[in-house]
Amino acid sequence: AEDRYHDFVVQETQVKRLCNTRKIITVNGMFPGPTLEVNNGDTLIVNVKNKAKYNVTIHWHGVRQMRTGWADGPEFVTQCPIRPGGSYTYRFTIEGQEGTLWWHAHSSWLRATVYGALIIHPKDNASYPFTKPKREAPVILGEWWNANPIDVVRQATKTGAAPNTSDAFTINGEPGDLYKCSSKSTTVIPVAPGETSLLRFINAALNAELFVSIAGHSMTVIGADASYTKPFTTNVLMLGPGQTTDVLINANQPPSRYYIAARAYASAQGVPFDNTTTTAILDYVCSCSNKPGSSIPPALPTLPAFNDTSSATAFTAGLRSPDKVSVPSPVDESLFVTVGLGLFNCPRGRTCGGPNNTRFGASMNNVSFQLPQAYSILQAHRQGVQGVFTSDFPSAPPVRFDYTGNVSRALWQPAQGTKLYRLQYGSVVQVVLQGTSIFAGENHPIHIHGYDFYVLAEGFGNFDAKADASRFNLVDPPMRNTVGVPVNGWAVIRFVADNPGVWLVHCHLDVHITWGLAMAFLVEDGVGELQTLEEPPEDLPLC
Ligand code: C2O
């Protein structure tokens with residue numbers, strides 16, 4: 001195992017997209033930011049210098065951060081932000097994870113442009129569970145705003161309205177040539193005829209779940225969220241923001257150029273979304289005489305319709321652990337958590353931009369999560385500072401109702417607070433995540449920091465404890481760090497609370513976390529050094 005040092009300079013950089021030139025926030029002037037490649041077991045030491053005019057933090061999405069919660073990154077949760085002019089060194093070890101993860105800013109909506117791939121190879125001399133192709137490439141899906149995303153969210157927060165949707169989707173930072181002014185703004189991924197390549201898909205989009213297809217090529221999925229999967233072949237991937245999927249593709253078609261295309265899976269009714277398609281080009285590299293000239297446009301794949309729930313469900317149902325696993329049991333902590341939108345009353349004497357003069361909100365178990373400001377939660381926990389958070393996040397919603405039906409207006413207004421749920425070290429935790437249709441039913445890609453978990457089952461309608469328990473996959477459930485709770489449906493996850501610290505749980509649609517669709521687990525220290533959160537680094541930013 002090695003120590004891998006990197007310098008990240010967060011700075012303003014001028015880029016041109018969709019006919020406009022704009023200054024965006026980048027790492028090291030790159031968009032997307034640098035790809036980090038490590039081996040399982042390596043330690044990453046990343047010095048982040050903030051030369052931008054915004055507060056920033058960096059989150060290493062999906063990294064378990066065993067005992068190193070200080071390096072996790074969500075602002076006001078595990079650290080205070082790095083102020084303009086400040087710096088912080090993130091130091092953490094990759095323990096037992098292989099595949100594709102990523103890193104992104106975890107402060108306001110900065111992650112719109114501040115993100116990059118984190119690729120984890122097996123330890124030296126260890127092998128992959130598949131024949132490692134010679135060629136591989138990260139394929140990072142993102143979103144582009146013509147406006148400054150920080151202004152977009154500030155404006156929406158001020159008025160209580162829904163923020164504007166993005167102006168384009170992107171692949172490796174480029175919208176692709178179906179958008180205006182973008183013929184040169186297209187990512188090209190070279191493949192060798194007859195050879196297999198590994199593509200590492202990452203959904204870094206802010207507010208969209210995405211379908212992906214490649215013209216003329218099927219994909220064999222071999223991993224997701226840096227856990228290997230049982231290989232399965234599919235023409236369509238569906239990734240919620242935060243999720244990754246590793247696939248093998250065989251360049252076995254006539255030498256040519258083929259589009260890789262992605263567009264939104266928008267499950268919500270009546271909520272605006274961007275219905276455009278981003279493309280990259282899969283380019284057969286050869287001096288083959290039968291390859292069509294570059295003036296002939298590549299073939300487009302067929303993508304599912306934006307509301308094609310069954311294609312999305314078919315994809316997620318295909319994900320399985322490679323072998324039989326031992327699902328932790330019996331359950332010590334059983335939570336039933338509703339996830340959904342809400343609408344706050346407009347403060348008296350003001351006008352609000354939400355439906356019927358309300359402000360948009362969102363909640364888990366009717367609690368709309370608020371970040372503290374004077375301390376990070378982890379620091380308050382470690383130092384015993386009172387008044388920063390409470391430990392009374394409810395293990396069930398305050399009232400039971402038909403979550404997926406027409407929900408009475410009386411239930412639309414959540415409570416606000418910084419409520420955590422305390423877990424004993426080592427307890428086995430099961431969470432039923434139940435989507436609600438308050439205001440609108442929607443998919444919610446729920447991410448847990450500091451943990452991977454098994455997804456035991458997913459379904460539609462109201463979760464039924466008796467009937468649905470028989471559907472749990474206790475044989476080969478997939479391991480993930482982000483689970484898509486289906487629209488008007490539910491998902492059940494299970495994990496062992498073996499990582500002490502404070503771990504944010506939230507919807508990875510940034511618009512929803514902005515509205516408060518979050519909570520956090522506080523996992524107590526266990527016994528001895530291996531079960532105890534480390535001391536905070538000396539340069540930990542304070543508020
Ligand atoms: Cu990928 Cu809390 O984030």
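## Three domains and one shared core

In this predicted model, the C-alpha centres of domain 2 and domain 3 lie 28 Å apart. Domain 1 covers 1-125, domain 2 covers 130-321 and domain 3 covers 333-531; these bounds come from an automatic or database domain assignment. Residues are numbered from 1 along each chain as its sequence is written. Because the model is predicted, local features need pLDDT of at least 70 and side-chain atom pairs count only at pLDDT 80 or more, while totals for chains, interfaces and linings use all residues.

Let us start where domains 2 and 3 meet. There, 30 residues of domain 2 are in contact with 30 residues of domain 3, contact being two C-beta atoms, placed from the backbone, within 7 Å. On the domain 2 side, the elements giving two or more residues are helix H1 (149-159), strand E15 (227-234) and helix H2 (309-318). Helices (H or I, at least four residues) and strands (E, at least two) are DSSP runs, numbered from the N terminus. This side of domain 2 holds 10 nonpolar, 16 polar and four charged residues. Here Ala, Val, Leu, Ile, Met, Phe, Trp, Tyr, Cys and Pro count as nonpolar, Asp, Glu, Lys and Arg as charged, and the others, Gly among them, as polar.

Helix H1 deserves a closer look. Its buried residues are Pro149, Val152, Val153 and Ala156. They cover an arc of only 90° around the axis, which puts them on the same side of H1; the arc is that of the directions from the helix axis to the C-beta atoms. Helix H5 (510-514) is part of what covers these buried residues. After H1 comes Gly160, with a positive phi near 85°. A residue is buried if 20 or more other C-beta atoms lie within 10 Å of its own, exposed if 12 or fewer, and partly exposed in between, with C-beta atoms placed from the backbone.

Now for the chain as a whole. It has five helices and 32 strands. Its radius of gyration, 22 Å, is close to the 24 Å that the globule rule gives for 543 residues, so the chain is as compact as a globular protein of that length. That radius is taken over C-alpha atoms, and the rule is 2.2 Å times the number of residues to the power 0.38. Buried residues make up 51% of the 543 residues.

The largest nonpolar core has 148 residues, and those with the most contacts inside it are Leu141, Leu210, Ile260, Ile493 and Ala520. Strand E18 (residues 257-265) gives the most to this core, with seven residues. Such a core is a set of buried Ala, Val, Leu, Ile, Met, Phe, Trp, Tyr and Cys residues joined through C-beta atoms within 7 Å. Leaving aside residues up to four places away in sequence, Ile493 touches Val431, Phe453, Tyr454, Val455, Leu456 and Val483.

Finally, some backbone details in loops:

| Feature | Value | Loop |
|---|---|---|
| cis peptide bond, Phe31 to Pro32 | omega near -10° | Pro32: between E2 (20-27) and E3 (36-39) |
| cis peptide bond, Ser329 to Pro330 | omega near -5° | Pro330: between H2 and E20 (333-345) |
| positive phi, Ala226 | phi near 60° | Ala226: between E14 (219-224) and E15 |
| positive phi, Asn365 | phi about 45° | Asn365: between E21 (358-364) and E22 (367-369) |

Ala226 is buried, with 27 other C-beta atoms within 10 Å, and Asn365 counts as buried with 21 C-beta neighbours inside 10 Å.
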